[in-house]
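Here is a set of short exercises to work through with the model open beside you. Try each task before you read its solution.

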Amino acid sequence: TLMDALWEAGIGLYSSDDLQPDPQTQLEGIEIRAVLERSKEVTITYKGKEIKTRVLGGTIGDALNQARLPLQEMDYSIPPEDSPIPANGKFRVIKVREEYILEQEFIPFGIEYIPSQEINLDTLQVLQTGEYGLLAKRVRVLYEDDEEISRTVGETWTAKEPKPRQVGYGTKVTIQTVNTPQG
């Protein structure tokens, strides 16, 4: 076969090399012309790990597709995927994902003073306890290789209005007498 002839000539093949015609072509007494396109060794840094493989093609995008690591959605590579494979065969893939979370924050309540004729003068009484309000925020969190790189607050709304604490102050005048030894 063509493959046997190449082996005997000291030419080894990688599974990612492209040989035309097929390596299993029989050579019984015929002369053929063979074209061998060698694959390149590349090192892809992906999520902190190095992946070494051999690929055909001239661009980083070609290499990623052959290595079964195509860029998805917001992913990118350094250098960009339409760039030629660097001479040293090394490049990096950054996996990007986003997540939306709901953050909540309490809104403090105020105090409202209300005059009351049912409460004695110079006294205070809580008429209604206050309730905290609730502020909701939708936050977009962006991760590159599972590391948070940005946090952006989007829509903000009041989920619950605060209720003020109502404190009554007395306006009722009550005449009182006190008996003392002097009268």
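## Exercise 1: The four-stranded sheet

Keep in mind that this is a predicted model. Find how β3 and β6 run relative to each other, parallel or antiparallel, and then work out the order of the strands in their sheet.

**Solution.**
Step 1. Start with β3 and β6: four bridges join them, and they run parallel. To find this pairing on screen, look for Thr45, which stands opposite Arg92 in β6.

Step 2. Next, go from β3 to β4. These two pair in the antiparallel sense, over seven bridges, and Thr43 stands opposite Lys52 in β4.

Step 3. Now take β5 and β6, which are antiparallel and joined by three bridges. Here Tyr76 stands opposite Ile94 in β6.

Step 4. Put the pairs together, and you get an open sheet of four strands in the order β4-β3-β6-β5, with mixed pairing. β4 (49–55) and β5 (76–78) each have a single partner strand, so one side of each is left without a neighbour in the sheet. On average, neighbouring strands here are turned by 30° against each other, direction ignored.

## Exercise 2: The three-stranded sheet

Describe the second open sheet, the one with three strands, and name its edge strands.

**Solution.**
Step 1. Follow β7 to strand β10 (residues 133–144): twelve bridges join the two, and they run antiparallel. A handy landmark is Glu103, which stands opposite Lys137 in β10.

Step 2. Add the remaining strand, and the order reads β7-β10-β11, with antiparallel pairing.

Step 3. β7 (96–107) and β11 (147–160) each pair on one side only, and these are the edge strands. In this sheet the average turn between neighbouring strands is 20°, direction ignored.

## Exercise 3: The nonpolar core

Which residues make up the largest nonpolar core, and which elements each supply at least two of them?

**Solution.**
Step 1. Recall a general tendency: in soluble globular proteins, nonpolar side chains tend to be buried together.

Step 2. List the members. The largest nonpolar core has eleven residues: Val42, Ile44, Tyr46, Val55, Ile60, Ala63, Leu64, Leu69, Ile85, Phe91 and Val93.

Step 3. Match them to elements: β3 (40–46), α2 (60–66) and β6 (90–94) each supply at least two residues of this core.

Step 4. Zoom in on one member. Beyond its neighbours within four places in sequence, Ala63 is in contact with Val55, Ile85 and Phe91.

## Exercise 4: Lysine in a loop

Is Lys95 buried or exposed? Find its surroundings too.

**Solution.**
Step 1. Locate Lys95 in the loop between β6 and β7.

Step 2. Compare its accessibility with the cut-off: buried means under 20%. Lys95 has a relative accessibility of 18%, so it counts as buried.

Step 3. Look at the side chain, where Lys95 makes a polar contact with the side chain of Asp75 (2.6 Å).

Step 4. Check the other residues that Lys95 touches, setting aside those up to four places away in sequence; among them are Tyr46, Pro70, Gln72 and Tyr143.

## Exercise 5: A glycine to compare

Decide whether Gly183 is buried or exposed, and find how many Å lie between Gly183 and Val139.

**Solution.**
Step 1. Gly183 is found in the segment after β12 (165–172).

Step 2. The cut-off for exposed is over 50%. Gly183 has a relative accessible area of 69%, so it is exposed.

Step 3. From C-alpha to C-alpha, Gly183 and Val139 are 73 Å apart in space, and they are 44 residues apart in sequence.

Conventions
Residues are numbered from 1 along each chain as its sequence is written. This is a predicted model: local features need pLDDT of at least 70, side-chain atom pairs count only at pLDDT 80 or more; totals for chains, interfaces and linings use all residues. Side-chain values use heavy atoms; hydrogens and water are left out. A nonpolar core is a set of buried Ala, Val, Leu, Ile, Met, Phe, Trp, Tyr and Cys residues joined through side-chain atoms within 4.5 Å. Buried means under 20% relative accessible area, exposed over 50%, partly exposed in between (1.4 Å probe, protein chains only). Contact means heavy atoms within 4.5 Å. Two strands pair if DSSP finds at least two bridges between them. Axes are lines fitted to C-alpha atoms, for helices over the stretch in contact, and angles run from 0 to 180 degrees between N-to-C directions. A polar contact is a pair of N or O atoms within 3.5 Å; within protein, one must be able to donate a hydrogen and the other to accept it, and residues adjacent in sequence count only if both atoms are side-chain atoms.
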